[in-house]
Every structure is written in structure tokens, then in C-alpha cells.
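Q: Please take a close look at the salt bridges in this structure, and set them against the rest of the chain.

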Amino acid sequence: MKKLWIALTAGVMMCSVPFPTPTHAATSKKSIAIYIDGVKLATDQPPVAVQGRTLLPFRAIFEALGAQVNWDQRTNTVSGYKAGKSVSLKLGSKTASIDGQKVSLDVPAQAQRGRTLVPVRFVSEALGQGVDWNPATQTVTITSSTVDEGITAASYVSARTIGNSGDGRDIQVGFARVSNERPIAQYRVLMVKTSKASSFTLADAKAVPSGRYTVTYPKGSDQTVNLTAQTQDTDGEVLRSNQSYTAFVLSVGSSSNQYALSSGSPSVAPNSGNSVAAATNIRAMDTADYGDGRDLTVSFTKASTESDISGYRVMVVKTKDAGKFDLAAANAVSSSNWTSVSKNGTTLSTVLSSSSRDTSGELIKNGVPYTVFVLSVSNSNTVANKLSAGSSSITLGYGSGYLAAPVITSVSDVSDYGDGRDLRVSFNRSSDESRIGSYRIMVVKERDAGSFSLSSANNVSSYNYTVVGKTGYNISQVLSSSARDVNGDYIRSGISYRVFVLAVGDSWQGTNVLSAPSNSITLYSNTNVGAPSNVNVSDISDYGDGRDLQVAFTRAANESYVSSYRIMVVKSSRAGSFNLSEANYVSSYNYTSVSTTGYNQSKVLSAGARDVDGDLIRSGVSYRVFVMSVASNSYTASNALSSPSGSIVLSNQVNIPAASNVKAADVADYGDGRDLKVAFDRASNESNIGNYRVMVVKASNAGSFNLSVATGVSSYNYTLVNKNTNNLTLTQNTRDVDGDMIRSGESYRVFVLSVGIGSSSGTYALSSPSNVVQLAANQTMPATNVTANLAGNGKAVTDIQVGFARAVNEDNILEYRLMLVPDYNWNSFNLDAANRVPAGSYIQVSRGNDYNSSLDASAKDVNGQPITAGTSYRAYVLSVAKANGASNTLSAPSSGSVLLPVPQQQAPVEVQAVTNVGTSANANKISVTFTAPQDTRGITSYKVFVVPVTQDGNWDVKQAKEAAQLQLGANSTELTEQQADIQNAPLKKGEAYKVYIQSVADGQNTVSKLSSASPVVSIQQ
């Protein structure tokens, strides 16, 4: 399948198709981009808008669609040829030739700048292509159903649920065989996730590996394929419940490179595996001859278990549509189009009524093949409904002994009187008129036609129908000026009617028979207004009310008699029966009025907008929209109603838009994120956006950076921006999406991610990338990861360990200077202060490697003072620039301060006082020995106190007299009678004493401490 996308890149240009034409189309000359299978097609001729139609370059379009192009300058004729089909157009002519047959053009082909421009729809349809218009994306799509000569695609593909296993076994795919199967080697059934189906192309289909499709072979007939539990989709995943799929059929030729891809089927999903049981043995029987639903009797066997079933719905489906009638379609059938059957007995049976309709909304009638289904209706939200298999096809007819109903062949507007004379009714007589006395033509307002039955017809007053005698021939009758409808109202313009014909039995009491209704008809005079057309609806917001719904439509061709338009929102379940007659009676509270402007219209409804039933418009309800032209002044009976829009269900979640026009600039010289400024245009609609994420991506990685990657970026690696902001300068610590600090010398692109909130939470939109920006490297880069910690036993200056990581770019760095700043002034320490620190008050470090080392014992802080215990310090590193115009750069401080603890002076570990016994000269002395503390910092000397035992525990060291004082290096002394005790009394022989040693502090960082007492000693007698 080949697709040609014509994407409007500026303004709104329209192709030559009857789509809504923007007000500026006649003068716009904006550029247009043409894509074939995603590849941009170069063309040097812009389109030209003429009379609301866009002309495109003939050669570019024709060759894009695989055709040959010729130009005859003598006759000013351009021709195209493809697959035996020829097309020719003459410049300036409003006719063209297709295979020798003349056709009319909306506008003639024209020459512009040496190029021939032609209406795009004519070209595409002339070559057998299809044309679609997507107003939301402003895109025309031209689709070719075949690519390779000799191979054609299946004309239709259906998919339906047939089981309840929750996997592929639930799905049956049907498709039409191609008209010529001789070159077909096989068909491949491919299941594509519905979310990807719109972009699934022939190239995609050909690339699907075996194992991910189901093969079937030509049989000379249409085919059905039941999938299996192992069936995979084109992504290689096994089919599963709650996932919607679209089926495609790829025709594969016997020769190489012969393929053709079908269009996709309606979406289908395996059942959840939890549903009620199905009815079985569905039978449909023709049991009467009324010519309506009363002829049809339906019987079936109830479900095997009914505990979770509330009842059954009998649904009559035209046999031509039965192949695509599945559970989803059954659940969507309007309540007016099925017959309810309660659960009782084993075999259930019901006779339909005269007003019974098939699932399309048409009254059941003779001559139409039907298939009947029965839906088991669940009585719980936890289990699903279940659809039966279909019955055998049945076509209702007449049996002997019954009157045959006439058949209306046409109703037409044949004049312009504004009464019954405008209406002609044509019908085929009953097949056997031997028991027919006459016919009665009955005109019924369309709003009442659904309930009009044989009983109703028999009771119509003779004033309110037209009698026609039998002639033996089919009849065509123009009504009279006094003709009335069955309600007694004169037939008039602007009202929608349906016509019935009652065959009246001749002396057969109660054997009259009523025809099926005619098509709808609304009589118009030549002053009637025209109806709007091309009604399109879009879900544009997320308020959960009418503000979510935008309605666009093409104005009436002639607005001379139009005073205004009324936008009417109708629930899809009743849109099939909504007509002009009903529209005329809709309350003014229940439509939106739009004034004429002379242009096509687009209107967003209000928060209080209601549907035609008076219900507020809301999310989750399926709607169709009609627009009625309201006639002005005396033409009020001549309103005109548009055809309905496509159905729309307003979602609680809308896709959020992306930011645009992202720009990045180098605005400073810090060598980090502060150098980078980002600006962007905020999203066009921020109502569902919570914030933006600004993401800096290395330019080398930007090509692979997409929405999936962006949503996974860590919060540490992007900058969060409020939605009312559209420019910012990043911070010093900003990182790119890889987690690396932004730095000079690296090339970047910047993206902006829109983040949804509320019901759009979890949705995102990614901008296009910014320009490439490289931060200039004329600034010295800072050192990073500066540390200062205690190591070893943490008591000496040499136990302080400092370090840092060198700058990522050292091109402009001469050296580093590591500086220790006391905590009491680190907050005021900045680059200027660092530049003033003199030599000797910093540590000089060469560049080239990261640094980690202990301080020297002589290290000084930035004030030139020795490193002192009890003072906290933080470390900084100054990157010193080379003499090339760059300036120094100061790092951030170390993450924490370092504190060399104040040494706590310890008392001697042990004091020993021993009396020397003997006859030597030292016998009358006390020898005192003690052990000094391990850490002697802050101790200047030791004092010895001799305490009489009688006074131990009752003396004051501050008032006591020491016996002796020792220098720091001494650890013993001898005491004699000449020394004094704490009261300054001489030591006495035979007196009992205890000895104490006091560590004397230096008065700066330590405190004096007293040892414990020695054992009791005395000077010998």
C-alpha cells in the first residue's frame, strides 16, 4: 500500500475535494510538504488555491503514484499513464479524459512557472486511489490499494469475537478473496495493535517475520480464519484480552516482490475470559404474512447457567452485515433496535412486533435476508455480556391466503407549491390484487414513523390519507393540495416525512396489509435554505463538558435566506432517527446558535451546552452532531438539516501539546550550567500541562533522544520549569541527561518535555531539539569534589587530609591553590578574597591529576595562622589561570568542615610512693614515681602534693602547697623531711601520707588534672 501524505506546513491549504474551505484559502500561498511513505517529495512549485480548491504539480503527484507523465506543448495537454489507464487534461479546460471518457473538473488545470497544476482529487481518483481528509492534522492522505501489477488486495476484512478464552481463540477473521487468485501464492493474516494500525504500511507488512502472521491459501472463495491461543501480533506478542487489534490481509504473489495489502478490519479484542454463558440453537422462522416483524418468530435455548444473566436481547442483522457483527457491535445496538426476552423455561421463543427493527434501525420487511443473534445480558459489572452464534439466514415472504403488501419504490419532490402537490409517491402493486379493494397512501411525520403500525394505519381518519384505486399496474400518484398527513396537518415544505401504503382487503375483515415505510423526504421550495455540510467534530480539551467539543462545518452554499445555524448534539444511539422534523422542535436550551459570517464555521461549545435531550454534554457518551440552517423571515418553514458528523466520545484525557522554538545560547563564562540560557515557546494550550522539564543532551546523542528516553531521565538530570515560564538560565550544578556536569567545550542540544497533570497525568510531549550550542572555554574551570577529613588518630595537624578532583578542562589553568578557611569567616570567603591570599598561606598543587594528601605540621590557614586544635576549617581550591585573559575560578567549599580536636590532658596513669628502707643515705626519703599521660600536648609541668592521711578527702588543690614541681621530662622525685605537706608543715617521720601528682596546663587548650592518690607511705623512724 502506498500512501501520499500532503502535510500543510503553514496556513491551511485545501485540495480539490469537498472539504471545509478556510476563509483565507483563496489568497494563501503557503508552502506544502508532500510525503510518500514518510519520505519528503521535492517539488519546486507551490500549490495554488482557486475557487476553494488546491491545485498541485501534476508531474510530482503522478510520478509519486507510479504513473508516467507526458506533455504535448502543441496542444497544451498533459497526460498520465499507469497500469493501462490513461488520463489527459488540457490547460484551461474544465473537462478531462479518462480512458477516452469525458469527465468534469471542479476547476481547470493551470500553468504556473512552467509547471502544470491540477486538482489533486481528480488525479488520485483517475488512477483508482482513495482520498481522505483529516481536519485535526490538516492532512490529505492519498492511498493506493495495490502496488505490484497483477496482485490485488482483499476488498474487505472483518474480525469478530467467537469465544471467551482471553486469547487468539476468541477471534475469527474473514476476508474476500481477490478477483483473480491465479497469481496468488498465499494470504497472510496479520494482527496489528489498533493504536498502530493507522500507520501500518505495505513495507511494514512485508517485513513481518514468519511466526507473527497466519497463512492461508487460495480456495476460490471468501475465507474465514480462526486464530489460536499461540497467535502473535506483528510485534511478536501473543494476543491478549483488553488489547484492541486490527486485522490486515497481505496478498503474496507467486513471483518475487508481488504483494498487496488490504485495508484494516474494524477493531476487535479477545474477551476478558470472564463473561456469562451464551444462548444456543438460534432459529428464525417465517410464521406470518404481515410484511413486517410480526412475520418473524425467533426461538433459542437459554444459556447453560443463568445466575449472572438478567435477560436476553434478540437482534436481527442483515445477513450482508452478519460477518462483522460481534460482541462490541451488539453491545452498541440502540435499545429501539432489539427485542427483549425474559429468562424462563428451557427453550425461549418470541414473535417480533410490527415496529421491530433490525440493528441498523430499519423496519424488518420482506425480501431482505436476515441473520438473528441473541445477546446474553450480564446482571453484574464483573462479568461481560455474551453473544450467540448467528442463526441460518432467513428472508421473509408471503404465503398463500395472505394479502401481499405493496412496495414503495420512490417518493420525490416534483413541484414547488409548498403543499401535497409537491409529493409524488410511486409503489408496486400487491402481487395478487384479487383480494385487494384499494390502496391508501399515508404520509407520516418521520418522528412518528417508527411507531406507525398496521393497527395505526387502520385507525387513520379518511380525511388524512389519499385513496388510490387498483389499476392492475404499478402506481405513481401526485398528492393533492389538500393532502394531509396522518395527524391531520397539511403537507408542507420543511417537514421530514415517510410514506406508507395500506393495501385494503376486499371484504376480508381485518386482512389489510401495510407496506414498509419509504425513504425519508423533506419537501423544499426554490426559496428553501441549503443545508450545511461536512460537519466535523473534535475533542480539544479536558473539562468534561461542552468546552471539550469543537464543531466545524461548511456553510450553506447560499446563505441569502439563512439567518443563523443551530448546532445540535445528539446521542449516537438515537442519531439514526433524528431528522429535520425533530430538529425544528428542539428547545432553544438544547442547541448552540451560531450567526452567519459568510465563511465556513468552527465553534467550541460552552460549559453549559446540552444535547437535544437536555442532558449536559459530558465525557464518556457517544455523540453525533447535526447543524440546522435556520431560514430567515418568511422562510421559517424551510429550515434544512445537515447530515450527521462522525461519532465522537469525549475523553477525560487529551494529548498535551509540545513546547516549540527551543533556543539555547552561551551567555556567560563560568564554565558550567550558568553559561547556558534556554528560551522556548510555551505549548499552545497549557490547561493540561503541569510543568516543563528542560533537558540538556550532548549533541552526539540528540539524534536518538526521543519521548521514551526523555520520560525516563532522572530528576537530578533535568531542570523543572513552571508552565508560565518560557526562558531561564541554568544553575552552576545543572547536569545533562547523562548525569554529567555541563561544561565548556561540549556541544549540546536542548529539549523541553511537557508534563501532563490531572486526567492527563502520565502523558508527555517532547519538543524538537534546539540549535547546537557549545559553551566557550575562555574561563578557567573549577576543581570539584573538594574534601577535608581527619585521618589516622585525628590528633595532629598531619592527620588532616585534603583532596579535590581536577577541573574537567585544564586548558586555561596554570596551577591550583588549596586553601583552609576558618569556619568563622568562610561565608565571606569569595574569589576576591582567594586571589589576595599570600604565598605560604595556601598549598600549591600542580595540574594534571586529582589531589589527595595530608597537611604538613607547619600548614597555615588563609590568615597566615598555624592550624589550631579546636578550630573548624573548610577547604577551597583556586584554579589559577594562565596569562591569556582568563580569570581565576574558585571551587565550591568542601562538603563539610574539619575540626582537629582539643587534646584532653590526662592525669598520670599511676602514682607510686615508696619509702626507701635501709642504712644508706637515702633511707629516710620517699621516692615518688609516676607514669605520664600518652598525650602530653598542653602540659607544662607536674606538681607533687603530700597529704596527711588524716586530712585526705578534705583539702583544696587550689589552696594546697606543693611539695615539689617537676619538669615535663621528669617522671620521679625524692621527698625528704625538708619538704612540706599541703599545709606547708615539714614532713614528719612516722606520719602516714598519700601523694598526688597534678598535670599543669599551659592555660590555652588544656586544663590541669589531678592524679589519683598513691598508696599510704611514711618517712621511716
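A: The salt bridges come first below, followed by the surroundings of one loop residue, a sheet, backbone angles and confidence.

The model is predicted. It contains 32 salt bridges in total. Side chains of opposite charge can pair when their charged atoms come close. Three pairs and one network are taken up here.

The first pair is glutamate 362 with lysine 318, whose side chains form a salt bridge at 3.1 Å from N to O. Its partners come from distant parts of the chain, 44 residues apart. Glutamate 362 sits in the loop between strand E26 (347-351) and strand E27 (369-378), while lysine 318 belongs to strand E24 (residues 309-318). Burial can be assigned to each partner separately. Glutamate 362 counts as partly exposed because its relative accessibility is 39%, between the limits of 20% and 50%. Lysine 318 has a relative accessible area of 11% and is therefore buried, the cut-off being under 20%.

The second pair joins arginine 421 to aspartate 419, with 2.8 Å between the closest N and O atoms. Arginine 421 has 34% relative accessibility, so this residue is classed as partly exposed. Aspartate 419 is buried, because its relative accessible area is 12%.

In the third pair, the side chains of arginine 806 and glutamate 810 meet in a salt bridge, again given from N to O, at 3.1 Å. Arginine 806 is partly exposed, with a relative accessible area of 34%. For glutamate 810 the value is 10%, so the residue is buried. Elsewhere, one network arises from salt bridges that share partners: Lys193, Lys196, Asp233, Asp235, Glu237 and Arg240 are its members.

Another acidic residue, aspartate 799, can be described through its surroundings. Its place is the loop between strand E54 (784-790) and strand E55 (800-805). Aspartate 799 has a relative accessible area of 13%, so it is buried. Leaving aside residues up to four places away in sequence, aspartate 799 touches Asn789, Leu790, Ala791, Gly792, Asn793 and Gly794. There is also a spatial relation across the sequence: the C-alpha atoms of aspartate 799 and leucine 900 are 8.4 Å apart, although 101 residues separate the two along the chain.

Next is a sheet. Four strands form an open sheet in the order E65-E64-E67-E68, and their pairing is antiparallel. Strand E65 (964-967) and strand E68 (1009-1010) are the edge strands, each pairing on one side only. Strand E64 (residues 939-948) pairs with E65 through four bridges in the antiparallel sense. At the residue level, valine 944 has alanine 964, in E65, as its bridge partner.

Two asparagines have positive phi values. Asparagine 534, which is not a glycine, has a phi of about 50 degrees. Asparagine 534 lies in strand E38 (residues 533-539). With 30% relative accessibility, asparagine 534 counts as partly exposed. Asparagine 984, likewise not a glycine, has a positive phi of about 70 degrees. Asparagine 984 is located in the loop between strand E66 (972-975) and strand E67 (993-1001), and E67 is one of the strands of the open sheet described above.

For the chain as a whole, the secondary structure consists of eleven helices and 68 strands. Of its 1021 residues, 49% are buried. When contacts between residues at least 6 apart in sequence are considered, 68% of them join residues at least 24 apart. The chain exposes about 46,200 Å², of which carbon and sulfur atoms supply 44%.

Confidence varies along the chain. The mean pLDDT is 80, and 82% of the residues reach 70 or more. The lowest confidence is in strand E1 (residues 2-8), with a mean of 36, and the highest is in strand E57 (residues 843-845), at 95. Over residues 133-137 the pLDDT is below 50, and this stretch has nine contacts in the model beyond near neighbours in sequence. Residues 917-922 also stay under 50, with three contacts beyond four places in sequence.

Terms used. Residues numbered from 1 in each chain as written. Heavy atoms only, no water. Salt bridge = Lys/Arg side-chain N within 4 Å of Asp/Glu carboxyl O. Buried < 20%, exposed > 50% of the residue type's maximum accessible area, 1.4 Å probe, protein only. Pairing = 2+ DSSP bridges. Contact = heavy atoms within 4.5 Å. Areas by Shrake-Rupley, 256 points an atom, 1.4 Å probe, with all protein chains shown as cover. pLDDT = per-residue confidence, 0-100.
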